[in-house]
Amino acid sequence: MADPDCLFCKIVSGEINADVVFENDDVVAFRDINPQASTHVLVIPRRHIATINELESEDSQTVGSLFLAARDIAAQEGIAEAGFRTVMNCNAAAGQTVFHLHLHVLGGRSLEWPPG
Ligand code: AMP
Ligand code: ZN
């Protein structure tokens, strides 16, 4: 199931260290190594899924778990009421660089729209 060449699978297994802020049976969340806001957390499924394009209907609970984790992380980080952004990039044109599904949770500053 895990991809031996995948950076985020290695974070799930503990082979690579990360600053983990939340975890449960379905997901792990850790601080982005290159934060774009004072809170920048990545929420990933434990199971390797490369991109949104590879999602199957059986993954709906996993996707739900990513957002429920984002809700709890936003509360934990104190950004829920002020507001925060969730982003999931898919493939090169959107800027995806790590091909293991991840939901960015960004907050702690004013975020502009539209994104670049
Ligand atoms: P994306 O561009 O949407 O694929 O996002 C990948 C994110 O992973 C980027 O924001 C990177 O800064 C972040 N990242 C890459 N390597 C690590 C790492 N070892 N620990 C934490 N975040 C990472
Ligand atoms: Zn992976």
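**Ligand contacts, a zinc site and an aromatic pair**

In this predicted model, an N or O atom in the side chain of His102 comes to 2.9 Å from an oxygen atom of ligand 1. Two backbone contacts with ligand 1 can be set beside this one. Val98 places a backbone N or O atom 3.1 Å from an oxygen atom of ligand 1, while for Ile33 a backbone N or O atom lies 3.2 Å from a nitrogen atom of ligand 1. The surroundings of ligand 1 comprise 15 residues, and the closest of these are Asp32, Asn89, Gly95, Thr97 and His104.

Attention now turns to ligand 2, a zinc ion. Its protein donors are the SG atoms of Cys6 and Cys9 together with the ND1 atoms of His48 and His100, at distances of 2.0 to 2.3 Å from the ion. The angles among the four donor atoms run from 106 to 115°, and the site is tetrahedral. Along the sequence, the donor residues follow the spacing C-x2-C-x38-H-x51-H. Cys6 belongs to the segment before α1 (7-13), whereas His48 sits in the loop between β3 (39-45) and α2 (60-77); the pair therefore ties together parts that are 42 residues apart in sequence. Both cysteine donors are shielded in the model: Cys6 is buried, with a relative accessible area of 6%, and Cys9 is likewise buried, with a value of 6%.

What, then, of disulfides? The count for the model is zero. Cys90 is in no disulfide, and the nearest cysteine sulfur, which belongs to Cys6, is 15 Å away; a disulfide would need the two sulfur atoms within 2.5 Å. As for its surroundings, Cys90 is partly exposed, at 23% relative accessibility, a value to be read against the 20% under which a residue counts as buried.

How many aromatic pairs does the structure hold? There is one aromatic pair, and its members are Phe8 and Phe30. The arrangement of the two rings is edge-to-face, with 5.3 Å from centre to centre and 75° between the planes. Because Phe8 lies in helix α1 and Phe30 in strand β2 (residues 27-31), the pair ties together parts that are 22 residues apart in sequence. Are these two residues buried or exposed? Phe8 is buried, at 5% relative accessibility, and Phe30 is buried too, at 3%.

Notes: Residues are numbered from 1 along each chain as its sequence is written. Chains are lettered from A and ligands numbered from 1 in the order in which they are written. This is a predicted model: local features need pLDDT of at least 70, side-chain atom pairs count only at pLDDT 80 or more; totals for chains, interfaces and linings use all residues. Side-chain values use heavy atoms; hydrogens and water are left out. Buried means under 20% relative accessible area, exposed over 50%, partly exposed in between (1.4 Å probe, protein chains only). Donors are N, O and S atoms within 2.8 Å of the metal (3.2 Å for Na, K and Ca); water is not among the atoms, so sites may look incomplete. Four donors count as tetrahedral if all angles lie between 85 and 135 degrees; four count as square planar and six as octahedral if opposite donors are over 155 degrees apart and all others between 65 and 115; anything else is irregular. Helices (H or I, at least four residues) and strands (E, at least two) are DSSP runs, numbered from the N terminus. Rings of Phe, Tyr and Trp (its six-membered ring) pair if their centres lie within 6.5 Å; planes under 30 degrees apart count as stacked, over 60 as edge-to-face and the rest as tilted. A residue is near a molecule or strand if one of its heavy atoms lies within 4 Å of it. A polar contact is a pair of N or O atoms within 3.5 Å; within protein, one must be able to donate a hydrogen and the other to accept it, and residues adjacent in sequence count only if both atoms are side-chain atoms.
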